[in-house]
Structure formats: C-alpha cells, structure tokens
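This report introduces a protein model to a reader who has not met it before. The sequence and structure are shown first, and the description follows.

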Amino acid sequence: MLHDDRAALRSEAAARLGAGGFLAPDEEAAELLAAAGGDGARLEALVARRLTGEPLAWITGSTTFCGLRVLVDPGVYVPRPHTEALALRAAERLPADGAAVDVCSGSGAIAAVLRARRPQARVIAADIDERSVDCARRNGVDAVQGDLLAAVPAALRGVVDVITAVVPYVPAHELRYLQRDTFTFESTLAYDGGRDGARLLRRLVRESTRFVRPGGVLLLELGGDQAQVLAPVLAAAGYGTPRVLADEDGDVRGVEARR
Ligand SMILES: C[S@@+](CC[C@H](N)C(=O)[O-])C[C@H]1O[C@@H](n2cnc3c(N)ncnc32)[C@H](O)[C@@H]1O
C-alpha cells in the first residue's frame with residue numbers, strides 16, 4: 001500500500017474517532033491502522049468497534065505498560081498508566097534473586113515488569129478469573145488461579161520480598177460513575193470493592209502476613225480515603241507506618257507498608 005493511502009486512511013479514521021469524542025484520535029487511528037494491517041475495510045470494522053466504546057487494547061490485542069508490550073485478551077482488565085509507578089516501585093524493592101507475588105494480576109502486566117527487570121527473581125501472579133490467568137501466561141508470566149493468595153505455592157510462605165496488588169477497590173455505589181468503556185465492557189469483578197471499596201484490601205492485608213517475610217513490603221493500589229481506612233488494619237497485621245503514594249496531581253494512588 002502506498003504511503004499516501006495509509007495517511008488518508010489514518011486521517012479519515014482519526015476524524016471519525018475525533019467526532020466520536022475520543023481524546024487521542026490520531027494515536028488511536030494509528031494503532032487501529034496497524035492492527036488492520038493497512039487494510040481499509042478491516043480498519044473500518046475496527047473503528048466501528050471502537051466507536052461503541054470497546055477498549056482499544058481489546059481491539060488491537062495489546063497495550064504498552066512500563067515500555068513493555070502486554071497482550072490483553074477481550075474480557076481482561078486493561079492495565080492503566082496510573083499503575084506503572086507502583087510496578088516500577090515494586091521492581092526497585094525486589095532483590096535480584098528475590099520473590100514477588102502480584103495479586104489480582106489481570107493480564108499479568110505488573111508481574112511482566114517485575115520479570116523483565118529482575119529476571120532471576122521468582123515472580124508469581126494470581127487472579128481468580130480464568131481468562132486473566134490465561135492472558136498472563138501468554139505474557140510469559142507464571143500465573144495461578146485462585147482467590148487472592150489461595151493458589152500461591154506454600155513454598156513461598158514467609159519468604160516473599162514484595163507483594164503487589166491492584167485489587168478491585170471501587171466502592172459499590174461509585175461503580176456507576178466509571179467511564180463509559182469501563183462501565184459497558186469491563187467486568188465489575190475487576191472493580192467492585194464492596195461497600196467502602198476496601199473489602200478485598202482488608203482481606204489481603206490480613207492474608208499477606210503468611211507470605212511476606214519480615215522486612216518485606218506490601219504495595220497496594222487504592223484511592224480516596226482508603227489509605228486511612230487501611231492504616232489500622234496494616235498496624236494490626238504487623239506492618240510499620242504505611243507510606244501514602246500520590247501521583248503528580250497529588251491524588252492518592254496507593255500505599256507501601258513494610259513488615
Ligand atoms: C483492577 S484489575 C487489576 C489487574 C492488574 N493488576 C492490572 O493492574 O492491570 C483487578 C483484578 O482482580 C481480579 N480479582 C477480583 N477478585 C479477585 C479475588 N478475590 N482474588 C483474585 N483476583 C481477583 C480480577 O479478575 C481482575 O483481573
């Protein structure tokens with residue numbers, strides 16, 4: 001296909017996406033054109049899917065996370081840019097020959113970053129959802145299926161240096177305020193954190209003590225006032241004063257606690 005044809009297809013797709021209210025129409029058009037292999041009819045079909053609000057990563061089959069290409073199968077939570085800082089922090093905390101568990105791992109994006117940055121370390125991902133576990137394995141991650149830490153090998157008890165988790169933490173009454181793509185396509189299994197959003201966070205803090213070694217760290221994504229809600233739970237589980245992690249806008253994005 002001639003360069004000019006591709007440019008015309010791309011700009012036509014970008015115009016349709018822009019008119020549909022998408023915020024990065026040029027970038028999305030480029031990704032969809034690549035996924036369509038430059039074929040106009042196929043591009044047309046992919047743009048039509050995107051205009052329904054279907055997540056871009058489900059249509060193209062992948063996204064970028066911490067510079068890595070991560071496969072994302074339809075139905076699997078799409079890793080978000082705001083989680084990258086947590087993954088990079090976890091990699092810093094993980095010794096070269098250490099052990100890490102990523103709980104509620106979805107596509108395995110965080111575990112994939114840990115593997116890439118600490119290739120000698122033992123990294124296990126765990127998710128309750130079969131599609132997510134399959135997807136994580138396709139991303140080269142050692143993934144197990146189960147509720148929180150239930151399926152993590154017993155050999156890791158008491159020796160884990162880092163546990164990361166992006167559990168579902170949206171308060172049930174706020175689920176309806178999620179973005180259209182999320183609300184329409186993604187499963188509430190990935191979001192619903194119960195009445196105050198902290199139901200699974202509390203459980204994980206308590207259950208984590210079986211695996212995190214003394215001196216090891218727990219890195220949790222959360223939001224709103226959940227860092228305060230969790231502080232007494234962390235203290236009761238034997239963790240030191242948690243460090244609250246905020247993004248560049250000052251919004252609370254997580255906590256780090258050392259055992
Ligand atoms: C918000 S997504 C995070 C996925 C991934 N960590 C990421 O950041 O891209 C939450 C994930 O938790 C999983 N999940 C929900 N309840 C769970 C449970 N009780 N035990 C394990 N995984 C669970 C969902 O299947 C989903 O993949």
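## The sheet and its surroundings

Strands β6 and β7 run parallel and are joined by five bridges. The model is a predicted one, in which local features need pLDDT of at least 70 and side-chain atom pairs count only at pLDDT 80 or more, while totals for chains, interfaces and linings use all residues. Residues are numbered from 1 along each chain as its sequence is written, and side-chain values use heavy atoms, with hydrogens and water left out. Helices (H or I, at least four residues) and strands (E, at least two) are DSSP runs, numbered from the N terminus. Two strands count as paired if DSSP finds at least two bridges between them.

Within the pairing of β6 and β7, Val162 has Val217 in β7 as its bridge partner. These strands belong to an open sheet of seven strands, ordered β5-β4-β3-β6-β7-β9-β8, with mixed pairing. At the edges stand β5 (142-145) and β8 (243-246), each of which pairs on one side only. On average, neighbouring strands of this sheet are turned by 20 degrees against each other, direction ignored; axes here are lines fitted to C-alpha atoms, for helices over the stretch in contact, and angles run from 0 to 180 degrees between N-to-C directions.

Three further strand pairings are listed below.

| Strands | Bridges | Direction | One bridge pair |
|---|---|---|---|
| β3 (residues 99-103) and β4 (residues 122-127) | five bridges | parallel | Ala100 and Val123 |
| β3 and β6 | four bridges | parallel | Val101 and Ile163 |
| β8 and β9 (residues 252-258) | four bridges | antiparallel | Ala246 and Val252 |

Strands β8 and β9 form a hairpin with five residues between them. In the turn of this hairpin, Gly250 has a positive phi of about 85 degrees.

How many residues of β6 are buried? Six of the six are, so β6 is largely enclosed by the rest of the structure. Buried means under 20% relative accessible area, exposed means over 50%, and partly exposed lies in between (1.4 Å probe, protein chains only).

## Helices around the sheet

Helix α7 (residues 130-138) lies across β4 and β5, and runs at about 170 degrees to β5. Helix α9 (residues 199-208) packs on the sheet and touches β3, β6 (160-165) and β7 (212-221). The direction of α9 makes about 165 degrees with that of β7. Contact means heavy atoms within 4.5 Å.

Helix α6 (residues 109-117) has as its buried residues Ala109, Ile110, Ala111, Ala112, Val113 and Leu114. The elements covering these buried residues include β1 (62-65), β2 (68-71), α5 (84-93), β3, β4 and β6.

## Rings and charges

Rings of Phe, Tyr and Trp (its six-membered ring) pair if their centres lie within 6.5 Å; planes under 30 degrees apart count as stacked, over 60 as edge-to-face and the rest as tilted. By this rule there are two aromatic pairs. In one of them, the ring centres of Trp58 and Phe185 are 6.3 Å apart and the planes stand at 85 degrees, so the pair is edge-to-face. Trp58 lies in helix α4 (residues 56-60) and Phe185 in helix α8 (residues 180-185), so the pair ties together parts that are 127 residues apart in sequence. Trp58 is buried, at 8% relative accessible area, whereas Phe185 is partly exposed, at 29%.

Arg80 lies over the face of Tyr77, at 4.6 Å from the ring centre. A charge sits over a ring if NZ of Lys or CZ of Arg is within 6 Å of the ring centre and within 35 degrees of the ring normal.

Tyr77 is also in contact with Ala190, as is Pro168, when the neighbours of Ala190 within four places in sequence are left aside. Ala190 is located in the loop between α8 and α9 and is partly exposed, with a relative accessible area of 28%. From C-alpha to C-alpha, Ala190 and Val205 are 18 Å apart in space, and they are 15 residues apart in sequence.

## Cysteines

A disulfide is a pair of cysteine sulfur atoms within 2.5 Å. The structure holds zero disulfides. The closest cysteine sulfur to that of Cys104 is in Cys135, 15 Å away, which is too far for a bond. Cys104 is partly exposed, at 22% relative accessibility, whereas Cys135 is buried, with a relative accessible area of 0%.
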